[in-house]
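Student: I'd like a close look at a single part of this one. Pick a pair of strands, stay with it for a while, and then work outwards to whatever surrounds it.

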Amino acid sequence: MSYLVGQWGLGAVGTRTLRALIEHPDLELAGVVSDDPRHTGMDAAELAGTGRSLGVPVTADPAGLLDRRPRVVCFTGGSAGDLCRVLAAGAGVVTHVLPALADPPTAEPALVRRLRAACATGGAGCLAVAPGAVHDVLPLLLSGGCRRIESITITEFRGAAGPRAGFGEPIGRRPPLVRPGAPARRWGPVVRLLARHLAVPLDDLTETYETCPAPEAIDVPGGRIEKGTLAGLRFQVAGVLRGRTVITVERVLRARPDLAPHWPAPPPGAARGHRVEIAGEPAVRLDLAGADGPDATALRMVNAVPAVAEAPPGLHTPLTLPLVTGRRLLR
């Protein structure tokens, strides 16, 4: 079955989502909305880097896209008001721009009410995917093979990061990525989602971070990291129960693989990837090498389109929808 799909927003995730939508055998592109004037009038397929023309121009006006009545819109930029407009128009939404919605029951009540009203008006479903590729379904699936669980840790490994990580800045300056409250806003909902499905009544969320200086000047794709400036960042968001850390999501960022050897390391032979560890009986550890960041988020969103298209109206998580798979991609 083919689904008519729109794209709203063309940032780091959006351009990747757009290409995946165009190349997916079960999806047809209805239109593309971008608020960047440089994109207006460009062919969507050319902008996505497919090397061909599709005849679908990018526009700044969402009315044309919504008039085509897409079944789902991949929403990778814009405001909560824009998202509500899409839902009220009858299109389902897959998005990553509102991290709080990774666990709707713990999101801001006013926002949840507003979005649920828009879903009811349009008869549409909305899925907000968690940041990272393996932060929700996979840990819960692995937990089903345990007799007893003491703690769960999900680690994402990445190489040289963007400006929010602060690489190349003075080592004493706190990077934007770990300013007070920032990690919990983005990753806290995932911790709470896991806790809720494991029936763990968390008492609190905590944030911690560590930094690593460059031992000498390091050249990275974005420029040069001078000796003594920030070249590594590790931060954690942890759920606490009775004074004990029980569910932790962490990110480990290194400008070079040999930095901070006392931190967790990615899977052997990989510069990036994920790890899920369950301390308990039996202990479980699963390492995954592969795509991370914008690529992983974009592909997960696109592959969730059929499930959202067929979902009942309302706010969803990957745990309230059929399993998202790479259906029809093996060919």
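Tutor: Let's start with E8 and strand E11 (residues 230-241), which pair in the antiparallel sense over 10 bridges. Keep in mind that you're looking at a predicted model. To find the register of this pair on your screen, click on Glu 207 and go across to E11: its bridge partner there is Val 237. Then try Leu 205, whose bridge partner in E11 is Gly 239. Those two pairs give you a handle on how E8 (204-213) is set against E11.

Now keep hold of Gly 239 and cross to the other neighbour. In E12, the bridge partner of Gly 239 is Ile 247, while Leu 205 is its partner on the E8 side. E11 and E12 also pair in the antiparallel sense, again over 10 bridges. The two form a hairpin with 2 residues between them. If you like checking backbone torsions, look at Arg 242 in that turn, where phi is positive at about 50°.

How covered is E11? Of its 12 residues, 11 are buried, so call the strand mostly covered. One element you'll find on top of this region is helix H7 (residues 182-197), which lies across strand E7 (148-158), E8, E11 and strand E12 (244-254). The helix runs at about 40° to E11.

Zoom out one step and the whole sheet comes into view. It is an open sheet of 6 strands with mixed pairing, in the order E8-E11-E12-E7-E13-E14. The edges are E8 (204-213) and strand E14 (284-289), each of which pairs on one side only. Averaged over the sheet, and ignoring direction, neighbouring strands are turned by 10° against each other. In general, the strands of a sheet pair through backbone hydrogen bonds, either parallel or antiparallel.

The loops between these strands have a couple of backbone details for you. Between strand E13 (273-281) and E14 sits Pro 282, and the peptide bond joining Glu 281 to Pro 282 is cis, with omega about -5°. In the loop between E12 and E13 you'll find Ala 260. Its phi is near 45°, a positive value in a residue other than glycine. Ala 260 counts as buried because its relative accessibility is 5%, under the 20% cut-off.

For contrast, go to Arg 69, in the loop between helix H3 (62-67) and E4. Arg 69 isn't a glycine either, and its phi is positive at about 55°, but with a relative accessibility of 60% this residue counts as exposed.

Since Arg 69 has brought you to E4, have a look at its pairing as well. Strand E4 (residues 72-75) runs parallel to E5, joined by 4 bridges, with Val 72 opposite Gly 92 in E5. Along strand E5 (residues 92-95), Gly 92 and Val 94 point one way, Val 93 and Thr 95 point the other way, and all are buried. That fits the general pattern: in a regular strand the side chains alternate between the two faces of the sheet.

How does all this map onto domains? The chain is divided into domain 1 (3-131 + 294-316) and domain 2 (146-281). Their C-alpha centres lie 28 Å apart. Across the boundary, 10 residues of domain 1 are in contact with 9 residues of domain 2. About 780 Å² is buried between the two domains, and carbon and sulfur atoms give 62% of that area. On the domain 1 side, Pro 99, Asp 103 and Pro 131 lose the most area to domain 2, together 54% of what that side buries.

To finish, here's one residue that takes you back towards H7. Ala 107 is found in the loop between E5 and helix H5 (109-122), and it's buried, at 8% relative accessibility. Ala 107 is 82 residues away from Pro 189 in sequence, yet their C-alpha atoms are 7.8 Å apart in space. If you leave aside neighbours within four places in sequence, the contacts of Ala 107 are with Ala 100, Leu 101 and Val 112.

Terms used:
Residues are numbered from 1 along each chain as its sequence is written. This is a predicted model: local features need pLDDT of at least 70, side-chain atom pairs count only at pLDDT 80 or more; totals for chains, interfaces and linings use all residues. Side-chain values use heavy atoms; hydrogens and water are left out. Two strands pair if DSSP finds at least two bridges between them. Axes are lines fitted to C-alpha atoms, for helices over the stretch in contact, and angles run from 0 to 180 degrees between N-to-C directions. Contact means heavy atoms within 4.5 Å. Domain bounds come from an automatic or database domain assignment. Buried area is the accessible area (1.4 Å probe) that two parts lose on being put together, summed over both. Buried means under 20% relative accessible area, exposed over 50%, partly exposed in between (1.4 Å probe, protein chains only).
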